[in-house]
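Welcome to this guided tour. Please have your viewer open and your selection tool ready, and we will go from stop to stop together.

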Amino acid sequence: MDKAEILAALRAPEGEALFAQARAVRAETKGDGVFFRGLIELSSVCDRDCLYCGMRRSNAAAHRYAMRDDEVVACARLARELGFGTVVLQAGECPALWTRRRVAELVRRVRGETGQHVTLSLGERTEADTAAWREAGAARYLLRFETTDRALFARIHPGAPVGGEHPRLAQLRRMKAQGYAIGGGMMLGLPGQTLESVADDLLTLRELNADMVGLGPYLAHPGTPLGRDKTPSGVPVDVDFTCRCYALARLLLPHANIPSTTALSTLDPANGRLRGLSSGANVFMPNLTPAAYRADYQIYPGKICVVAPQADAIDALRADLATLGLRQVTG
Ligand code: SAM
């Protein structure tokens, strides 16, 4: 697909033909299996001041927490009990808290004590950090590039360079060379974002040969500068548009793992998750963060969490899958 075809699919009056095509490609490359990956939100402490994120450093109203390592390992044990194969360790960006050595040790413990694969999502980190974690057994890293529009990226990430290589794309390329399976992606509906730039984002995912794609709607947080910004977006914040992007990602990267994201479920709590799967996604990421911390990982308001510790919540997800002819697989 080229940019004109992508734009035509994003603008078409209706998306069902595209979704059907994406389902057919997923069936060919992934069969009927859906991976469940346990999301563990390690901490809400963040050094960064991203204009859109409720955990930004300047948001004095945000309550901050950090999990202990033994709590993280206990969550990974729960993931194993629930039949998951992978945990995703995500946190606000804070190298002083999540030091190279501490994360390496945590990865070793999770691998050794629970057998779970480890995906890291700890933001922009040095080449030496990611090398050490790869060495410790982390095989995958998620880092959304958020947008390939350099001016927009610089505007919403204070301190980011305006020129030169996109810092997050640079890190993703470095990690690919280090042997990671890499996940990139973007937010949809940022103020000032254009459809053309979303088409570029999708083409960039293909150019990166991304192994995983994390994309979802931008949800305004009133406690952030971007949340109060009334600049219109050229990109809709809605379920249909998000699903078109999943479908296009599936066609561009037939083998990629694509989660139906929490942000999509937040937009449409009743159907969002399944609509994502109906448009080519093949991963669920139930939230395994302990209940005492979960509300404080507030990147946007009203975040819907699949409350995983209750096995019946996972059973309900499995039943949802069955309605689409899909089933949980471990990996
Ligand atoms: N610090 C790590 C990083 O930057 O990759 C991981 C945590 S960060 C909170 C994870 C993702 O949350 C970001 O990549 C961004 O796409 C998403 N996010 C943050 N604020 C959001 C918002 N208001 N609406 C939708 N997604 C948001």
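Before the first selection, a word on names: helices (H or I, at least four residues) and strands (E, at least two) are DSSP runs, numbered from the N terminus. This is a predicted model, in which local features need pLDDT of at least 70 and side-chain atom pairs count only at pLDDT 80 or more, while totals for chains, interfaces and linings use all residues. Residues are numbered from 1 along each chain as its sequence is written, and side-chain values use heavy atoms, with hydrogens and water left out.

**Stop 1: Ile314**

Select residues 311–323 to light up helix α13, and find Ile314 in it. Is Ile314 buried or exposed? Ile314 is buried, with a relative accessible area of 0%. Here buried means under 20% relative accessible area, exposed means over 50%, and partly exposed is in between (1.4 Å probe, protein chains only). Now add Gln328, which is 14 residues from Ile314 along the chain; their C-alpha atoms are 10.0 Å apart.

**Stop 2: helix α2**

Next, select residues 16–30, the 15 residues of helix α2. From first C-alpha to last, α2 reaches 20 Å, close to the 21 Å expected at 1.5 Å a residue. That expected span is 1.5 Å times one less than the number of residues. Colour Leu18, Phe19, Ala22, Val25 and Arg26, which are buried in α2. Look down the axis: these buried residues fall within an arc of 125°, so they line one face of the helix. The arc is that of the directions from the helix axis to the C-beta atoms. An α-helix has 3.6 residues a turn, so residues three or four places apart point the same way. On the face turned away from the buried side of α2, pick out the exposed residues Ala17 and Glu28.

**Stop 3: Thr130**

Move on to helix α5, residues 127–136, where you will find Thr130. Thr130 is buried, at a relative accessible area of 1%. Which side chain does the side chain of Thr130 touch in a polar contact? Select Gln178: its side chain makes that contact with Thr130, at 2.8 Å. A polar contact is a pair of N or O atoms within 3.5 Å; within protein, one must be able to donate a hydrogen and the other to accept it, and residues adjacent in sequence count only if both atoms are side-chain atoms.

**Stop 4: the ligand**

Now select the ligand and the 19 residues around it, of which Ala91, Arg144, Glu146, Arg168 and Leu219 come nearest. A residue is counted here if one of its heavy atoms lies within 4 Å of the ligand. Try showing distances to oxygen atoms of the ligand: a polar side-chain atom of Arg144 lies 2.9 Å from one, and a polar side-chain atom of Arg168 lies 3.0 Å from one. For Glu146, an N or O atom in the side chain is 2.5 Å from a ligand oxygen atom.

**Stop 5: two loops**

Stay with Glu146, in the loop between β4 (140–142) and α6 (150–156). Glu146 counts as buried, at 7% relative accessibility. Glu146 has a positive phi of about 70° although it is not a glycine. Most residues other than glycine have a negative phi.

Finally, select Asn209, in the loop between α8 (195–208) and β7 (212–213). Asn209 also has a positive phi, of about 55°, and is not a glycine. At 44% relative accessibility, Asn209 counts as partly exposed.
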